[in-house]
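Biologist: I'd like to zoom in on one small part of this protein and really get to know it. Could you pick a spot, walk me through it slowly, and then show me what lies around it?

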Amino acid sequence: MPDNQAQIRDLQHLSQRIEEAFEAGANSQGRALLEEALEKSRAVPAYREYFRGGAARYLANDREDQTRRIELALDLSPDDPFLMRSLGISLSLSGNDDEALLWFDRALERNPADYLAMRRKGVSLSRLGPHAEALMWFDNALEANPRAAASMRNLGVSLPHCGRNEEAPALFAKALAENPRDYSA
């Protein structure tokens, strides 16, 4: 793996750690990790913009600026499935699920095993209403990563929309067994 690819993988991993810190309410840890990411991404302009978008989201609660910066990152690295998925997530969290689905599909074209894109596609589909299709994507995400607690939780939330209420509690319990800090489960 070329050095640049290794550096990009490290930055992607750091992104996950930042998200986990902020989701757990460890804001000072999240800020410190975000500062570290901004410093480490100096040599990778697309990821520098991506992390500037993270700063907009986590520090200024400015989802519009986050989306704009991820779009700039994609201008710099247009074939990066991680950035495509990230733009889809940002759009989805802003309520633009129709456009988000396009980015999840693009990410999955380049990385068909991306269980996070599969899960987020399921979330967007669930919000838009084709619940049976959303279930399929949550199942796909779990097939790609059987220990993904968020996918289990999302599947549990969506099952009642398809008349499968009785299956949901077991999925929530399984999600909590995988991630006891998954307060949504």
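Modeller: Let's start with a bit of vocabulary: a residue is called buried when its relative accessible area is under 20%, exposed when that value is over 50%, and partly exposed in between. Keep in mind that what you're looking at is a predicted model. Now find N61, which sits in the loop between helix 3 and helix 4. Its relative accessibility is 66%, so N61 counts as exposed.

There's something else to notice about N61. Its phi angle is positive, about 50°, even though N61 isn't a glycine. Why point that out? Most residues other than glycine have a negative phi. N61 takes this positive phi just after helix 3, so let's step back into that helix.

Helix 3 covers residues 45–60, which makes 16 residues. From the first C-alpha to the last it reaches 21 Å, close to the 22 Å expected at 1.5 Å a residue. Plenty of helix 3 is tucked away from the surface: the buried residues there include A46, Y47, R48, E49, Y50 and F51. Further along the helix, G53, G54, A55, A56 and R57 are buried too. Compare that with N61, which is exposed.

On the other side of the loop comes helix 4, and here you can look at charge. E71, D75, D98 and E99 form a negative surface patch. Helix 4 (63–76) and helix 6 (97–110) are the elements that give two or more residues to this patch. Take D98 as an example: it lies in helix 6. With 54% relative accessibility, D98 is above the 50% cut-off and therefore counts as exposed.

To get a feel for the wider model, try two other residues. A117 is in helix 7, residues 115–128. Its relative accessible area is 0%, so A117 is buried. Between A117 and A32 there are 27 Å in space, C-alpha to C-alpha, and the two are 85 residues apart in sequence.

The other residue to try is Q29, in helix 2 (residues 27–40). At 44% relative accessibility, Q29 falls between the two cut-offs, so it counts as partly exposed. Measure out the gap from Q29 to E143 on your screen, C-alpha to C-alpha, and you should get 32 Å, for a pair 114 residues apart in sequence.

Key
Residues numbered from 1 in each chain as written. Predicted model: local features only at pLDDT ≥ 70, side-chain atom pairs only at ≥ 80, totals over all residues. Heavy atoms only, no water. Patch = residues over 30% accessible without salt bridge, like charges linked within 9 Å, V, L, I, M, F, W, Y side chains within 5 Å. Areas by Shrake-Rupley, 256 points an atom, 1.4 Å probe, with all protein chains shown as cover. Salt bridge = Lys/Arg side-chain N within 4 Å of Asp/Glu carboxyl O. Lys, Arg positive; Asp, Glu negative; His and termini not counted. Charge placed at Lys NZ, Arg CZ, Asp CG, Glu CD. Helix = DSSP H or I, 4+ residues; strand = E, 2+ residues; numbered from the N terminus. Buried < 20%, exposed > 50% of the residue type's maximum accessible area, 1.4 Å probe, protein only. Expected span 1.5 Å × (residues − 1).
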